[in-house]
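Please open the structure in your viewer and keep the selection tool at hand. The stops below go from single residues to the main sheet and then to the chain as a whole.

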Amino acid sequence: MKTIVASICVDGTMAESNRYKFRSKILIDSTLKFTDFDVLLVTDDIDYFKDYNDNPRVFIEDFQSNFPDDELIISGSFNYNLKRCPIKLASEKDYDVVFYQDCDGFFSGWDQDSYEEMLSSEHEIYYATFYPHHTVNDQLSKPDNHPSTGPRVEAMGDLIYPDLLDAVLAVETKIIYKNSSKMKDMIDLWDKFSYKCQELDMCVVPESLFFCMAGRHAKMEPIGVERDHPIGKNCNTMHGCLIEKRNGIDEPVKMLDYFGLLERRFKTEEDLRLFLGI
């Protein structure tokens, strides 16, 4: 299935200390090496990625010109609703699948056959972590454990209707969407949630709340990726930042698997690039 990887790299809290621009290049280069997927990256520094200007598999999209009304920071925190921006642009292109990854994600290998077999099911959204009982309603019933959920749901006012509260809350760092007309329905509601958060100066926590309800609104059937699926080892995330380096951790850059489990450690992102051969 024709797939495009979608990601966003913008200046926000911890952006420099986590070297997100450098890590975004690792995402792009590893995608080009290990898969036949194309890549779309939304960024507020297109000059940093000018080396890809002539690559037909890479689309570098300017954040400010495409999303002039969107704020990077809301109430002192990164605006996690911006993750919809690359998903929106990618869904408007001629691809069967939109594979969202945070910009510190990357590939270390690939098994196309098992990927296509997974996508042959009737499901339309594939989450990394997915517990069917962990719904918005479940969090609302446990306000001591999830104090942020209730106020944010209530603040959305008429945008909320009962069925949305049955949305399963999943991890937002890696999401695979089958591209269809339903994507527009999802993005339309997610847009409304996003601008309502900006209007109220309300930070987007929990991060998965709004995109999961938007997927529910679009009637896109979700499922979790099986823990033993080959994607687990081949689709990774970098974790580790300046804080860990300052605390004297010798190998602060962690290579996590698709589900967030530790695979290896590295001293620097450059060492990880060498490991990947890119």
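**Stop 1: the cysteines**

Select Cys 203 to begin with: at 15% relative accessibility it counts as buried, where buried means under 20% relative accessible area, exposed over 50% and partly exposed in between, with a 1.4 Å probe and protein chains only. Before going further, note that this is a predicted model, in which local features need pLDDT of at least 70 and side-chain atom pairs count only at pLDDT 80 or more, while totals for chains, interfaces and linings use all residues. Residues are numbered from 1 along each chain as its sequence is written, and side-chain values use heavy atoms, with hydrogens and water left out.

How many disulfides are there by the distance rule? If a disulfide is taken as a pair of cysteine sulfur atoms within 2.5 Å, the count comes to 0. Cys 203 is in no disulfide, and the nearest cysteine sulfur, that of Cys 197, lies 8.6 Å away. Now select Cys 235, which is buried with a relative accessible area of 0%; its sulfur is 14 Å from the closest cysteine sulfur, in Cys 103, and that is too far for a bond.

**Stop 2: the sheet and helix H1**

Next, display the strands of the open sheet, which has 7 of them in the order E3-E2-E1-E6-E9-E8-E10, with mixed pairing. Helices (H or I, at least four residues) and strands (E, at least two) are DSSP runs numbered from the N terminus, and two strands pair if DSSP finds at least two bridges between them. Strand E3 (58-62) and strand E10 (222-224) stand at the edges with a single partner strand each, so one side of each is left without a neighbour in the sheet. Neighbouring strands of this sheet are turned by 20 degrees against each other on average, direction ignored.

Zoom in on strand E2 (residues 38-43), which runs parallel to E3 and is joined to it by 5 bridges; Val 39, for instance, has Val 58 in E3 as its bridge partner. Then add helix H1 (residues 20-34), which packs on the sheet and touches strand E1 (3-9), E2, E3 and strand E6 (97-101), contact meaning heavy atoms within 4.5 Å. The direction of H1 makes about 175 degrees with that of E1, where axes are lines fitted to C-alpha atoms, for helices over the stretch in contact, and angles run from 0 to 180 degrees between N-to-C directions.

**Stop 3: two buried residues**

Move to Thr 149, in helix H6 (residues 149-155), which is buried with a relative accessible area of 1%. Leaving out residues up to four places away in sequence, Thr 149 touches Val 136, Gln 139, Leu 140, Pro 206 and Leu 209.

Then pick Phe 266 in strand E13 (residues 262-266), a residue that counts as buried at 7% relative accessibility. Beyond residues up to four places away in sequence, the contacts of Phe 266 include Glu 251, Pro 252, Val 253 and Phe 275. Draw a distance from its C-alpha atom to that of Val 171, 95 residues apart along the chain, and the separation is 24 Å.

**Stop 4: the whole chain**

Finally, zoom out to the protein, with its 11 helices and 13 strands. Its C-alpha atoms fill a box of roughly 50 × 45 × 35 Å along the principal axes, and 54% of the 278 residues count as buried. Of the contacts with a separation of 6 or more, 74% are accounted for by residues 24 or more positions apart.
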